[in-house]
Amino acid sequence: MSQLKNATRLSVASRAIAAVLGGYALSATATAALSVGLPMSRMDAVITASVLSFLIYSVAVIWAFACATTARAWAGIAIPTLLCGALVWLLGPAS
Amino acid sequence: MTVLLALALGYTGLTCLALGMKRHHQELLGRKPTEARLRLFKTIGWLLLLATTAACLMLWPLGLALSMVPVLVTLVGLPLIFLLPYQPTLARHLAWALPLVAGGLAVAGLG
Amino acid sequence: MNGSLRQSMAWLHTWSGLLLGWLLVAVFVTGTSAYYREEISLWMEPELHQSTASDDTMDLAWQTLGRIAPEARSWDISLPDARNPAVQLRWQPAGEEQPRQGGGRNRGEQAWMDAGSGEVLTPRETRGGHFLYRFHFELYGVPRLWARWLICVATMFMLVAIISGVITHKKIFKDFFTFRPGKGQRSWLDAHNASAVLALPFHFMITYSGLLLFMVMLMPWGIDAAYDGDRRAFFDEAFPRSTEAPGPAGEPADMVAIGPLAAATAARFERPVSRIEVQHPNRENARIRISVEQDVAISGRRRGGSPTQVFQGSSGDLLETIEPREAPTPLMGKVYNVMTNLHLVRFADPLVRLLFFFSGLAGSAMVATGMLLWVSKRTQQLRRQQPGAALKLVNGLNMASITGLLAAIGAYFAANRVLPATLAERSSWEIRVFFLVWLTSLVHGLLRPHRRGWIEQLAVITVLWLALPFLDMVTTDSHLFSAAAWRLGALAGFDLICLLLGALWGYALWRVAKPKPDKRKPARAREPALAEGNA
């Protein structure tokens, strides 16, 4: 591992950002989307979504480092994030 | 005292599971096992772990009892792992002695 | 990076583990101690040890509060239990309530009372087990919010390390019982694997629940989305509380004796009374709330409250009987409750606590072996070269985070016995001793060569921990050879655990100091291949 090439270093840094920041963005939007989207009372939905959020985060981190290419790692996190964001925007706060 | 019985049954159960694996079987008993024997030990091992669960259910309410089973199994499993290479004979003898002692204590405690 | 899934996961496991491993060891070790924070606090306040509960304890508490806080707006009496023999008295002084710094209710004044004589006790000033408990999730001297975030990030890394570790592990079931001693790196790997895999349910529970406990801080986005940013509304819905504000104090009036009321409550719930709260004591509108302790169901709500009876203070009439009922909880709410209840060991059974304590020790060992494995692997790769600065740094930090922390904790306990009871800022001095010893061990670990450093630090902690029970004999009347220590299992237990752990450190010292017979084995050549995927 000590002879990491420059390209690899860049890839590691990029994936780390995707994992840490992208992963958080994904779990945050997914939590928000589930909170407004799950067919339960809003408190139950919030609790269910929040309890699952850390699982979503872990999966995102694993994904970021497991993917064959950096581009796919980013896409796999960015696209669901955007979808969840759109869902929150569409459904809005369930009142 | 039931907790000692639960721990002892867990220990013996894990030892049987180890005996159900080729490498540890040879390590502990010094001879090559047959497939049937391995399967037998595995079955006994799982049955003993079920007995551990039953002992936990006697000690605690359902939810807590089920949560405590992995905790107990971990706590007896760690010493077992380190006994296997250093003291295989001791590990083997503990497997029958511990439940007897703990069972005796449990009976004495009840009676 | 572009290799197989397993290789990239091994990389992730190694570096996420190392990066925050030092912090995680500290979190694990202090967290393990937190299972016994009440017992540690008690041990650190020997002035409370001779207190013995009697039938008069409640009346004495009643009289004592009437003497020292007759004008208070409220009283709060915690009666002796298996974990503490003294009575804790708290009261809100008359006047406007001062909001506490950082929000929350002001807890007012507090005092300890001897349960047998009613005398007010003044224990030595100490933070006790509470210091280690708080350190476990908010460190010390760091802004609280930052510290909590930092620890949560470390916990998240731990969760990732657990998952990637499972993916990395090639033969998780085949190697379940495998430990191959005397093989350097290979043995560390086995020890790390064994303690990690076997205790996986515990590790996963403790890590995930650690995050859940800070769920609202870490992941407020679900609340914000569903409640349109109104977090208060969520809390009111999730944790409904009676918001009945106490009215103004009435005219002075005598209260009835507490004994018969407490006896009625104890009989009603068939449990001993644990707590008595009084609103507007010695006024005509006094309200007496008497509670008993009740275990939460494992999936039960955290703030369910205890079974309680409320009495009118001047007449002794029963006003209300409150029995906590379990609210219907969705599946994930139950998961939340189970996990957090387990993390915080909200069960009265001392056996459960002890078993969790040992699991915590095993967890600490798991993180520690992982970090030792990192150094072991890189030391073997050196092949007789001098270790570089990075390796020395990691090793020094390992030493500080493992033996150094244990030395600091031992010194913290010892300082409690050695520092004069009347020293100004005494509790701060105990904490200063803790950090000074920790810092010293870091400097020592960075300066001394690898093996010598470990031997010296292990020797120090062995002596220190084994000495604690003896220090107890010299400085207190509640040591292992006294009846008081055994009457309160906590005190004898503390000394016994010190002896047990001291013996454990001594064993580790013996193993490290023992000359190694087979230092360069030919078999070493194939080890990197074996361990490649893992370290």
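Strands here are DSSP runs of E, at least two residues long. The model shown in every view is predicted.

**View 1. Ser274(C) sits in strand β5 of chain C.** The strand covers residues 273–279. Ser274(C) counts as buried because its relative accessibility is 18%, and the cut-off for buried is under 20%. Leaving out residues up to four places away in sequence, Ser274(C) touches Ile77(C), Ser78(C) and Leu79(C). Ser274(C) also touches Ser291(C), Val292(C) and Glu293(C).

**View 2. Chain A meets chain C.** On the chain A side, 34 residues are in contact with 36 residues of chain C. About 3,200 Å² is buried between the two chains. Carbon and sulfur atoms give 78% of that area. Met43(A), Val51(A) and Phe54(A) lose the most area to chain C within chain A. Together they account for 21% of what that side buries.

**View 3. Polar and charged links join chain A to chain C.** The interface has one salt bridge. Arg42(A) forms a salt bridge with Glu237(C). Their closest N and O atoms are 3.5 Å apart. Five residue pairs are in polar contact across this interface, both residues at pLDDT 80 or more. Two elements of chain A, α1 (6–37) and α2 (42–66), each give two or more residues to the side that touches chain C. The largest share, 18 residues, comes from α2(A). By class, this side of chain A has 22 nonpolar, nine polar and three charged residues.

**View 4. Chain C meets chain B.** Here 26 residues of chain C are in contact with 25 residues of chain B. The buried area is about 2,200 Å², with 80% from carbon and sulfur atoms. Phe177(C), Leu198(C) and Leu355(C) supply 33% of the area that chain C buries against chain B. No other three residues supply more. The salt bridge count between chain C and chain B is zero. Three residue pairs are in polar contact, both residues at pLDDT 80 or more. Helices α6 (185–198) and α13 (350–382) of chain C each supply at least two residues of the side that touches chain B. The largest share, seven residues, comes from α13(C). This side of chain C divides into 19 nonpolar, three polar and four charged residues.

**View 5. Chain B carries annotated transmembrane regions.** An unreviewed UniProt entry lists residues 44–62, 69–87 and 93–110 of chain B under that term. Residues 44–62 of chain B are 89% helix and 0% strand, with end C-alpha atoms 24 Å apart. Residues 69–87 of chain B are 95% helix and 0% strand, with end C-alpha atoms 26 Å apart.

Methods:
Residues are numbered from 1 along each chain as its sequence is written. Chains are lettered from A and ligands numbered from 1 in the order in which they are written. This is a predicted model: local features need pLDDT of at least 70, side-chain atom pairs count only at pLDDT 80 or more; totals for chains, interfaces and linings use all residues. Side-chain values use heavy atoms; hydrogens and water are left out. UniProt positions are given in the numbering used here, feature names are shortened, and annotations may be inferred rather than shown by experiment. Helices (H or I, at least four residues) and strands (E, at least two) are DSSP runs, numbered from the N terminus. Contact means heavy atoms within 4.5 Å. Buried area is the accessible area (1.4 Å probe) that two parts lose on being put together, summed over both. A salt bridge is a side-chain nitrogen of Lys or Arg within 4 Å of a carboxyl oxygen of Asp or Glu. A polar contact is a pair of N or O atoms within 3.5 Å; within protein, one must be able to donate a hydrogen and the other to accept it, and residues adjacent in sequence count only if both atoms are side-chain atoms. Ala, Val, Leu, Ile, Met, Phe, Trp, Tyr, Cys and Pro count as nonpolar, Asp, Glu, Lys and Arg as charged, and the others, Gly among them, as polar. Buried means under 20% relative accessible area, exposed over 50%, partly exposed in between (1.4 Å probe, protein chains only).
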